[in-house]
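Work through the exercises below with the sequence and the 3D view at hand. Each task is followed by a solution in steps.

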Amino acid sequence: MTYHYRDILNLISKLTFRRCSNLVKLWLGYRKSVKNKSTFNAAMPSSIAIEPTTSCNLRCPECPSGLRSFTRPTGMLEENTFKKAIDELASTLIYLTFYFQGEPYLNPQFLELVQYAHKKKIYTATSTNAHYLNNKNARKTVESGLDRLIISIDGTTQETYQSYRIGGKLDKVIEGTKNIIKWKKELKSSKPHVIFQFLVVKPNEHQVDEVREIARELGVDQVALKTAQIYDYKNGNELIPTIDKYSRYKKKEDGTYRIKNKLLDHCWKMWHSCVITWDGKIIPCCFDKDAHFTMGNLMKNSFASIWNSDPYRKFRKSLLSSRSSIEMCTNCTEGTKIWEE
């Protein structure tokens, strides 16, 4: 059995009758919404992302955290906000992503929050630049029960790595990965499932085979190649790969670019998931970096009341009517990771 299938079985082990019935209800409700343009969602989300912080130590050029370009406040997720969300959703929630913007390990309570969700038998995942995976944090990560750890490694040489991960050190990424693998062995743990995520851009597209080899040498469980979201793409961009399968964008005959994905008037994410920002705002999608489409605040109302509130239902209706009229949807390229063993 490969490590990849072990991870799938671990995810399946989180399922309960109530979580499964909720998931079925979600899917049936979503199909009904596509057919009848209905906006009421009778089930709770099966997956959410929650933001530990908007702070980051790096300055990546296509990231609001890296660019320090947020119009919303920067801050840290507090324990009471987190626990309110989890306590409300735990019975139906299957998958919890501890990431939206920022570097999760900058939140000093991060691993305690992971442990809290783990005790509720929720599958937990996070994404990190690995610069804070020192020996102590690596051990605490394994002990926390974290199920999936995505490590961003966007180059196999320092020169290439820092061309996108500005301010980053490749040797810190390698060191952090080694620490995690070491403590998994020391503690005889199969978790977290460690993934090297390689964001393919023009400067590093020639290093795809090299990152696979580094992953094998270190004992990383899986490699994921990810296409880059680029905000200013229409007239071309120096980050757009020349290898077509690694690009979200297609060059047209007039020299401009378009998104490859078709923008259909429905979205599964609007029914089965959402994002909770560090300060309790509920937003419908991870493409809403600045929380322009805030549906409500968890610190003022219950999640259930927000999930089917007038703002949320109006948003779903506008998406079902004309998704292309919603600004954040126009650069949506959901499902663009290229998973590998």
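The radius of gyration is taken over C-alpha atoms, and the globule rule is 2.2 Å times the number of residues to the power 0.38. The model used here is predicted.

**Exercise 1.** Compare the radius of gyration of the protein with that of a compact globule.

Solution. Step one: for 341 residues, the rule gives a radius near 20 Å. Step two: the protein has 20 Å, so the value agrees with a compact globule. Step three: add the extent of the C-alpha trace, which spans about 55 × 50 × 40 Å along the principal axes. Step four: add the burial, since 55% of the 341 residues count as buried.

**Exercise 2.** Find the strands that pair with strand 9 and describe its faces.

Solution. Step one: locate strand 9 at residues 273-276. Step two: strand 1 (residues 47-50) runs parallel to strand 9, joined by four bridges, and Ile48 stands opposite Cys274. Step three: strand 10 (residues 281-283) pairs with strand 9 in the antiparallel sense over two bridges, with Ile276 opposite Ile282. Step four: strands 9 and 10 form a hairpin with four residues between them, and Gly280 in the turn has a positive phi of about 90°. Step five: Ser273 and Val275 on one side of strand 9 are buried, as are Cys274 and Ile276 on the other.

**Exercise 3.** Are Cys56 and Cys60 buried or exposed?

Solution. Step one: buried means under 20% relative accessible area. Step two: Cys56 has 18% relative accessibility, so Cys56 counts as buried. Step three: Cys60 has 5%, so Cys60 counts as buried.

Notes: Residues numbered from 1 in each chain as written. Predicted model: local features only at pLDDT ≥ 70, side-chain atom pairs only at ≥ 80, totals over all residues. Heavy atoms only, no water. Buried < 20%, exposed > 50% of the residue type's maximum accessible area, 1.4 Å probe, protein only. Pairing = 2+ DSSP bridges.
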